[in-house]
Amino acid sequence: MYEKTLSRKTVYEGHIIDVDVLDVELENGKKSIREIVKHGVAVAIIPRLPDGRFVFIRQFRKAMERICFEVVAGNCDPGEDAAVSAARELQEETGYVADSLELLGSIFPSVGYCTERIEIYFARVSAQLETAFDHDEDIETLILTESEMDEMIRTNQIADAKTLAAWLLFKAKKA
């Protein structure tokens with residue numbers, strides 16, 4: 001299965017995303033249009049404290065018009081190594097410093113229309129410094145046990161795809 005790109009036009013260039021419209025030809029010769037959101041590499045982190053509890057965040061997400069419960073996450077700066085970005089985002093959003101980082105895997109959160117790839121890390125943390133939120137962030141840090149997190153998933157209190165995927169990767173590889 002393959003689609004040949006006949007033309008590509010960037011219709012929006014933003015700070016975080018660009019949007020391209022592609023004319024494509026399918027294998028059967030039919031033509032179609034694809035709208036692609038171009039987004040760089042991002043990271044998501046599952047930090048665990050020495051006592052076995054986990055660090056998560058809550059923040060208002062305008063796209064959803066609600067407060068969302070999430071793993072620590074953020075975008076990699078252009079050219080920035082994903083592990084460096086993970087350590088930076090962890091400290092910026094929670095104040096915690098990673099004693100170690102381990103890549104659990106990568107996910108593509110919305111393959112139908114978006115190029116975003118999220119590198120998911122497990123971090124062991126201990127020391128907590130000051131947070132360094134971006135000027136437009138208002139983040140609350142939450143500390144949960146593994147069973148509390150599992151219960152939140154069972155009761156549909158978590159709807160964020162990267163958080164669900166990150167927790168699944170953690171459980172499959174670390175639990």
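Start at the largest pocket: 44 residues line it, and I16, H39, R61, N75 and E116 are the ones nearest its centre. Select those five and centre the view on them. Keep in mind that this is a predicted model.

**The pocket**

The space in this largest pocket comes to about 1700 Å³. Colour its lining by class. You should get 19 nonpolar, nine polar and 16 charged residues.

Now colour the lining by element. At least two residues each come from β3, β4 (41-48), β5 (54-61), β6 (66-70), β7 (72-75), α1 (82-94) and α3. Which element gives the most to the lining of the largest pocket? Select α1: with four residues, α1 gives the most.

**The whole chain**

Zoom out and switch to cartoon. The protein chain has three helices and ten strands. Trace the chain along its sequence, and the pattern reads β-β-β-β-β-β-β-α-β-β-β-α-α. Draw a box along the principal axes. The C-alpha atoms fill roughly 60 × 35 × 30 Å. Colour by accessibility next. Of the 175 residues, 37% count as buried.

**Strand to strand: E3 and R34**

Show side chains for E3 and R34. They form a salt bridge, with the closest N and O atoms 2.6 Å apart. E3 belongs to strand β1 (residues 3-13) and R34 to strand β3 (residues 31-39), so this pair ties together parts that are 31 residues apart in sequence. Check the surface around both partners. E3 is partly exposed, at a relative accessible area of 32%. R34 is partly exposed too, at 26%.

**Down to β4: V41**

Select V41, which sits in strand β4. V41 is partly exposed, with a relative accessible area of 26%. Add P78 and draw a C-alpha to C-alpha distance. V41 and P78 are 8.8 Å apart in space, yet 37 residues apart in sequence.

**The β5–β6 loop: E65 and K62**

Move to the loop between β5 and β6, where E65 is found. Look at the backbone of E65. Its phi is near 55°, a positive value in a residue other than glycine. As a rule, most residues other than glycine have a negative phi. Now look at the side chain. E65 forms a salt bridge with K62, the closest N and O atoms being 2.6 Å apart. Is K62 buried or exposed? K62 counts as exposed, at 57% relative accessibility.

**Helix to helix: D150 and K171**

Select D150 and K171. Their side chains meet in a salt bridge, 2.9 Å from N to O. D150 lies in helix α2 (residues 146-154) and K171 in helix α3 (residues 161-173), so the pair ties together parts that are 21 residues apart in sequence. The two partners fall into separate accessibility classes: D150 is buried, with a relative accessible area of 18%, and K171 is partly exposed, at 29%.

Next, pick out a network. D77, E80, R88, E89 and E92 are joined into one by salt bridges that share partners. Widen the search to the whole structure, and 17 salt bridges turn up. In general, side chains of opposite charge can pair when their charged atoms come close.

**Between α2 and α3: N156**

Select N156, in the loop between α2 and α3. N156 is not a glycine, but its phi is positive, at about 55°. Turn on the surface here. N156 is exposed, with a relative accessible area of 66%.

**Last stop: α3**

Hide everything but α3. Put a distance between its end C-alpha atoms: they are 18 Å apart. At 1.5 Å a residue, the 13 residues of α3 should span 18 Å, so the two values agree.

Which residues of α3 are buried? Select K162, T163, A166, W167, L169 and F170. These buried residues cover an arc of only 160° around the axis, which puts them on the same side of α3. Now rotate to the face turned away from that buried side. The exposed residues L168 and A172 are carried there.

Bring the rest of the chain back and return to the pocket. α3 is among the elements that each supply at least two residues of its lining.

Definitions and conventions. Residues are numbered from 1 along each chain as its sequence is written. This is a predicted model: local features need pLDDT of at least 70, side-chain atom pairs count only at pLDDT 80 or more; totals for chains, interfaces and linings use all residues. Side-chain values use heavy atoms; hydrogens and water are left out. A salt bridge is a side-chain nitrogen of Lys or Arg within 4 Å of a carboxyl oxygen of Asp or Glu. Buried means under 20% relative accessible area, exposed over 50%, partly exposed in between (1.4 Å probe, protein chains only). On a 1 Å grid over the protein atoms alone, a cavity is a set of points where a 1.4 Å probe fits but cannot get out, and a pocket is an open set with protein on both sides within 12 Å along at least five of seven lines; lining residues have an atom within 4 Å of a point. Grid points are joined across faces, edges and corners, and a volume is the space filled by probe spheres set on the points. Ala, Val, Leu, Ile, Met, Phe, Trp, Tyr, Cys and Pro count as nonpolar, Asp, Glu, Lys and Arg as charged, and the others, Gly among them, as polar. The expected span of a helix is 1.5 Å times one less than its number of residues. The arc is that of the directions from the helix axis to the C-beta atoms.
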